[in-house]
Amino acid sequence: MADHCATTRGPGNNRAFEDAANSRISGELQEVESDLPEDIKERALSVFRASISDKCTIQQAIDKVQKEALVEVETRFKGQRFKGFIKFDYDTSVITINVNKFGNGNAQFSVGMGVKRMVCPDPFMGKLSDPNMHK
């Protein structure tokens with residue numbers, strides 16, 4: 001039997017995704033962007049913040065938001081097509097939860113996660129790029 005790939009840990013599993021999903025968010029919430037109805041957005045934000053303050057992993061926080069807040073989309077838009085998202089932008093991470101509600105009653109959730117890389121800018125860059133420096 002062949003060894004598992006070190007990157008994917010085998011078929012269907014992605015090591016980078018698992019590592020990101022099982023990490024915890026540090027830092028402050030910078031911005032929330034959403035096209036969901038205001039009450040569903042506020043509920044999702046409340047559930048997500050509570051999960052993060054309880055030291056849940058990112059995956060656990062996403063699961064809670066889907067089960068406790070976004071499930072309202074299924075009942076409110078029954079028999080209608082609806083697409084929406086909510087994006088949580090933290091100091092170190094960006095998490096986007098997408099909702100895709102179909103007219104036949106099925107709803108599909110998807111998640112996008114990213115890690116922000118903080119880069120310390122060169123302290124001299126501003127002075128060196130100043131067009132008035134040599135006048």
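Two strands count as paired when DSSP finds at least two bridges between them. With that in hand, take Val32: Val32 stands opposite Phe88 in S2. The strands S1 and S2 are joined by 5 bridges and run antiparallel. All of this comes from a predicted model, so read it as such.

**The overall layout**

Zooming out, the chain's secondary structure adds up to 5 helices and 4 strands. Walk along the sequence and you get the pattern α-β-α-α-α-β-β-β-α. The chain has 135 residues, of which 28% count as buried. Take the contacts in the chain between residues at least 6 apart in sequence, and 54% of them join residues at least 24 apart.

**The sheet**

The 4 strands make an open sheet, ordered S1-S2-S3-S4, with antiparallel pairing. At its edges sit S1 (29–34) and S4 (107–115), each pairing on one side only. From one strand to the next, the twist averages 10°.

Here is how the pairings look, each with an example of residues that face each other:

| Strand pair | Bridges | Direction | Example of partners |
|---|---|---|---|
| S1 and S2 | 5 bridges | antiparallel | Val32 and Phe88 |
| S2 and S3 | 8 bridges | antiparallel | Lys83 and Asn100 |
| S3 and S4 | 9 bridges | antiparallel | Asn98 and Ser110 |

S2 and S3 also form a hairpin, with 2 residues between them. S3 itself covers residues 93–101 and is joined to S4 by 9 bridges. Asn98 has its bridge partner in S4, namely Ser110. As for side chains, in a regular strand they alternate between the two faces of the sheet.

**A helix across the sheet, and its partner**

Which strands does H2 lie across? H2 lies across S1, S2 (82–90) and S3, and runs at about 40° to S2.

H2 also has a helical partner. Two packed helices are described by the angle between their axes and the distance between the axes. For H2 (residues 38–53) and H3 (residues 58–68), the axes come within 9 Å and cross at roughly 150°. Angles over 145 degrees count as roughly antiparallel, and H2 and H3 are therefore roughly antiparallel to each other. The crossing in which H2 passes H3 is right-handed.

Who makes the contact? On the H2 side it is Arg43, Ala44, Val47, Phe48, Ser51 and Ile52, and on the H3 side Ala61, Ile62, Lys64, Val65 and Glu68. Sorted by character, the residues of this contact come out as 7 nonpolar, 1 polar and 3 charged.

**The loop between H2 and H3**

Two residues in this loop are worth a look. Lys55 lies in the loop between H2 and H3, and its phi is near 65°, a positive value in a residue other than glycine. Is Lys55 buried or exposed? Its relative accessibility is 60%, so Lys55 counts as exposed.

Thr57 lies in the loop between H2 and H3 too. Thr57 has a relative accessibility of 9%, so it counts as buried, given that buried means under 20%. What is Thr57 in contact with, leaving aside its neighbours within four places in sequence? The residues in question are Ala21, Asn22, Ser23 and Arg24.

Definitions and conventions. Residues numbered from 1 in each chain as written. Predicted model: local features only at pLDDT ≥ 70, side-chain atom pairs only at ≥ 80, totals over all residues. Heavy atoms only, no water. Axes fitted to C-alpha atoms, helices over the stretch in contact; angles between N-to-C directions. Parallel < 35°, antiparallel > 145°, perpendicular 65-115°, else oblique. Left-handed = near helix turned anticlockwise from the far one by under 90°. Contact = heavy atoms within 4.5 Å. Nonpolar A, V, L, I, M, F, W, Y, C, P; charged D, E, K, R; others polar. Buried < 20%, exposed > 50% of the residue type's maximum accessible area, 1.4 Å probe, protein only.
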